[in-house]
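Work through the exercises below with the sequence and the 3D view side by side, and try each task before reading its solution.

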Amino acid sequence: MSVEEAKLKLQQILVKCKAKCVDPKLFGCVEKFVCEMESGATSKSRKLLKFCLIFALLVYGYNYYCNDLSTKRCLLELPRTLRYAFRPPEDCAFCENVESAIRLRSITSEEFASKYAYTGGPVIVEDATKNWTATTKFDYWYFSDVYRNAKRKQKVLECQFLPYKTGFKNIFTALEMPKERVEMQPGTQPWYFGWSNCNPETAEEFRRHYGRPYFLPPTSENNAVDWFFIGTAGLGAHMHIDNVRLPSWQAQLAGSKRWILAPPPECYFKCKRFDTIVRRGEIIVLDTNKWYHQTWVQPGEISLTIGSEYD
């Protein structure tokens, strides 16, 4: 590469960095390099060029990771069976003597933190969404309208989508069903799907109608990405265990859902399998990294839930 070509390449990198909001002033060596080039100090300029190129690429790469890749799924993932096989064994203390979900009301965040927040659950808080407008505002048509009018549709498509057995390709196709199927009229197929909300534009709209559950520990913070699950009566999520970092909560905004909870294989002889019903307005809290879980949408109203991790 000639000096002129290298200079052009460097300028192109700087343009990209500026587009990514990287302050060009970080590259003080660039101005010095240009002066060296103009004065004819070729050998010194080449050494300085190498340093500038390496530094520019590192900063650009770091910025690209923070702003773009950090919200995307992994390029390669292990098959589910292998993830389960290589999962480290659990200490069965989290599920010993647990035969049902604990039900609570009007609990303080301090009491919840000391007794329930990090035990693995399951715990159901019955009055958890009483001040949320999401219980009356959110439904299939509301989400359809929000996503149809979203400005950053490509960003929406980068969020994880779970079609389950519906065959939908993404959130947009899932929210374009005819009214007859949405309402599960005779002759139509049942449906159930989920998605993560990693797009700041739609997240801002949704979070106007719900907030951090009142009972969570005062020092805890919600994950930046929330999850939504919606569907008609029948099978929801298959029996599985999650691969996330933290315990989580899931709020039942509409309908009701039956949760089947089972201990991991290494705890089969110490812990029991059981089920519980989560109804409209309730929040279930548990560590889905430890409990195998399956959900069934109960007959009647369409089920709608939102959830998030907390530290």
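A salt bridge is counted here when a side-chain nitrogen of Lys or Arg lies within 4 Å of a carboxyl oxygen of Asp or Glu. The model is a predicted one.

**Exercise 1. Use the cut-off to examine the pair Asp226 and Arg207, and state what the pair ties together.**

Step 1. The closest N and O atoms of Asp226 and Arg207 are 3.1 Å apart, and the two residues form a salt bridge, since the cut-off is 4 Å.

Step 2. Asp226 belongs to strand E5, whereas Arg207 sits in the loop between helix H11 (200-206) and E5, so the salt bridge ties together parts that are 19 residues apart in sequence.

Step 3. The surroundings of the two partners can be read from their accessibility: Asp226 is buried, with a relative accessible area of 4%, and Arg207 is partly exposed at 36%.

**Exercise 2. Describe how strand E8 is placed among its partner strands, and find the salt bridge that links E8 to E9.**

Step 1. Along E8 (residues 257-262), five of the six residues are buried, so this strand is largely enclosed by the rest of the structure.

Step 2. E8 pairs with strand E9 (residues 274-278) in the antiparallel sense over five bridges, and Ile260 stands opposite Asp275 of E9. E8 also pairs with strand E11 (residues 292-297), again antiparallel, over six bridges, and here Arg258 is opposite Trp296.

Step 3. The side chains of Arg258 and Asp275 meet in a salt bridge with an N to O distance of 3.6 Å, and the pair links distant parts of the chain, with Arg258 in E8 and Asp275 in E9, 17 residues apart. Arg258 is partly exposed at 29% relative accessible area, and Asp275 is partly exposed at 41%.

**Exercise 3. Trace the open sheet of eight strands and the helix that lies across part of it.**

Step 1. The strand order is E1-E2-E10-E7-E12-E5-E4-E3, with mixed pairing, and the edge strands, each pairing on one side only, are E1 (102-104) and E3 (161-162).

Step 2. Within this order, E7 (residues 248-254) and E12 (residues 303-309) run antiparallel and are joined by six bridges, with Gln250 opposite Gly307.

Step 3. Helix H7 (residues 140-148) lies across E4 (192-197), E5 (226-231) and E12, and it runs at about 45° to E4.

**Exercise 4. Which residues have the most contacts inside the largest nonpolar core, and which element supplies its largest share?**

Step 1. The largest nonpolar core has 44 residues, and Phe112, Phe138 and Phe193 have the most contacts inside it. The largest share, five residues, comes from H7.

Step 2. Beyond its neighbours within four places in sequence, Phe138 is in contact with residues including Phe143, Phe206, Phe228, Leu253 and Leu304.

Step 3. Another core, of 15 residues, lies apart from this one, and among them are Cys92, Cys267, Cys271 and Phe274.

**Exercise 5. Is Thr129 buried or exposed, and what does the side chain of Thr129 approach?**

Step 1. Thr129 is found in the loop between E2 and helix H6 (134-137). Because its relative accessibility is 4%, Thr129 counts as buried.

Step 2. A polar atom of the Thr129 side chain lies 3.0 Å from the backbone oxygen of Gly281. Leaving out residues up to four places away in sequence, Thr129 touches Thr135, Ala251, Gly281 and Ile283.

Note on methods
Residues are numbered from 1 along each chain as its sequence is written. This is a predicted model: local features need pLDDT of at least 70, side-chain atom pairs count only at pLDDT 80 or more; totals for chains, interfaces and linings use all residues. Side-chain values use heavy atoms; hydrogens and water are left out. Two strands pair if DSSP finds at least two bridges between them. Helices (H or I, at least four residues) and strands (E, at least two) are DSSP runs, numbered from the N terminus. Contact means heavy atoms within 4.5 Å. Axes are lines fitted to C-alpha atoms, for helices over the stretch in contact, and angles run from 0 to 180 degrees between N-to-C directions. A nonpolar core is a set of buried Ala, Val, Leu, Ile, Met, Phe, Trp, Tyr and Cys residues joined through side-chain atoms within 4.5 Å. Buried means under 20% relative accessible area, exposed over 50%, partly exposed in between (1.4 Å probe, protein chains only). A polar contact is a pair of N or O atoms within 3.5 Å; within protein, one must be able to donate a hydrogen and the other to accept it, and residues adjacent in sequence count only if both atoms are side-chain atoms.
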